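Welcome! Take a look at the structure below, then try the exercises that follow, each with its solution worked out step by step.

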Amino acid sequence: MNAERGSAKHGPRVDEERKHEVEGTVRGGGPTHAEEWLDPEPIRDTDEELAPRRYPPGHEPGTPAGITPSDVERRSTLAKWLSDARWPADREELTAHAEEKMAPDSLEASLRELPDGEFRNIGEVARALGLGTERRR
């Protein structure tokens, strides 16, 4: 029997394949699995999760001063459905645009309550509907 071979159960080709598979572990280079799903999940650092996130000044999450969360939601809905409207537009044009785009009924009802006149952008529509306006610091 040849003493240089690693195993008597299989041939030299299989021995070389297995040697190649464990080479990363032997050298300490980390996991050797080709499939990531075989690797164990890393341990979470709870201190890092509990530490408050730091944001650059002016980029903190939350609602800007001068506007409520519900106003933010309503302004977002206005922007979603009216962003591609032709500006300037009046109440009838905006309502027709919203109906054409199949906007929510609540938005169409709000647009019908707009005063007469032309609006140059969504901000003017929001102010006319009594939505809050964010204030810059």
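**Exercise 1: Two helices that pack**

Helix α3 (residues 69-82) packs against helix α5 (residues 105-112) at an angle of about 95°, and their axes are 11 Å apart. Work out how the two helices are oriented and which residues make the contact.

*Solution.* Start with the background: this is a predicted model, in which local features need pLDDT of at least 70 and side-chain atom pairs count only at pLDDT 80 or more, while totals for chains, interfaces and linings use all residues. Residues are numbered from 1 along each chain as its sequence is written, and side-chain values use heavy atoms, with hydrogens and water left out.

Step 1: Helices (H or I, at least four residues) and strands (E, at least two) are DSSP runs, numbered from the N terminus. Axes are lines fitted to C-alpha atoms, for helices over the stretch in contact, and angles run from 0 to 180 degrees between N-to-C directions.

Step 2: Angles under 35 degrees count as roughly parallel, over 145 as roughly antiparallel, 65 to 115 as roughly perpendicular and the rest as oblique. The angle therefore makes α3 roughly perpendicular to α5.

Step 3: Contact means heavy atoms within 4.5 Å. On the α3 side, R74, T77, L78, W81 and L82 take part, and they meet L107, S110 and L111 of α5.

Step 4: By class, this contact of α3 with α5 has five nonpolar, two polar and one charged residues. Here Ala, Val, Leu, Ile, Met, Phe, Trp, Tyr, Cys and Pro count as nonpolar, Asp, Glu, Lys and Arg as charged, and the others, Gly among them, as polar.

**Exercise 2: A second partner for α5**

Describe how α4 and α5 are arranged, and name the residues that meet.

*Solution.* Step 1: The axes of α4 and α5 cross at roughly 170° and come within 9 Å, so the two helices are roughly antiparallel to each other.

Step 2: From α4, the residues R91, L94, T95, A98 and E99 meet L107, E108, L111 and R112 in α5. The residues of this contact divide into four nonpolar, one polar and four charged.

**Exercise 3: T95**

Is T95 buried or exposed?

*Solution.* Step 1: Find T95 in helix α4 (residues 91-100).

Step 2: Buried means under 20% relative accessible area, exposed over 50%, and partly exposed in between (1.4 Å probe, protein chains only). With a relative accessible area of 8%, T95 is therefore buried.

Step 3: Look at its surroundings. A polar atom of the T95 side chain lies 2.8 Å from the backbone oxygen of R91. Leaving aside neighbours within four places in sequence, T95 is in contact with L111 and R112.

**Exercise 4: The nonpolar core**

Find the residues with the most contacts inside the largest nonpolar core.

*Solution.* Step 1: A nonpolar core is a set of buried Ala, Val, Leu, Ile, Met, Phe, Trp, Tyr and Cys residues joined through side-chain atoms within 4.5 Å.

Step 2: The largest such core has 17 residues, and L78, L94, L107, L111, L114 and V125 have the most contacts inside it. Each of α3, α4, α5 and α6 (122-128) supplies at least two residues of this core.

Step 3: Leaving aside neighbours within four places in sequence, L111 is in contact with L78, L82, R91, L94, T95, A98 and V125.

**Exercise 5: Two loops**

Where are P88 and M102 found?

*Solution.* Step 1: P88 is in the loop between α3 and β1 (89-90). A cis peptide bond joins W87 and P88, with omega about -5°.

Step 2: M102 is in the loop between α4 and α5. Its phi is near 60°, a positive value in a residue other than glycine.

Key. A polar contact is a pair of N or O atoms within 3.5 Å; within protein, one must be able to donate a hydrogen and the other to accept it, and residues adjacent in sequence count only if both atoms are side-chain atoms.
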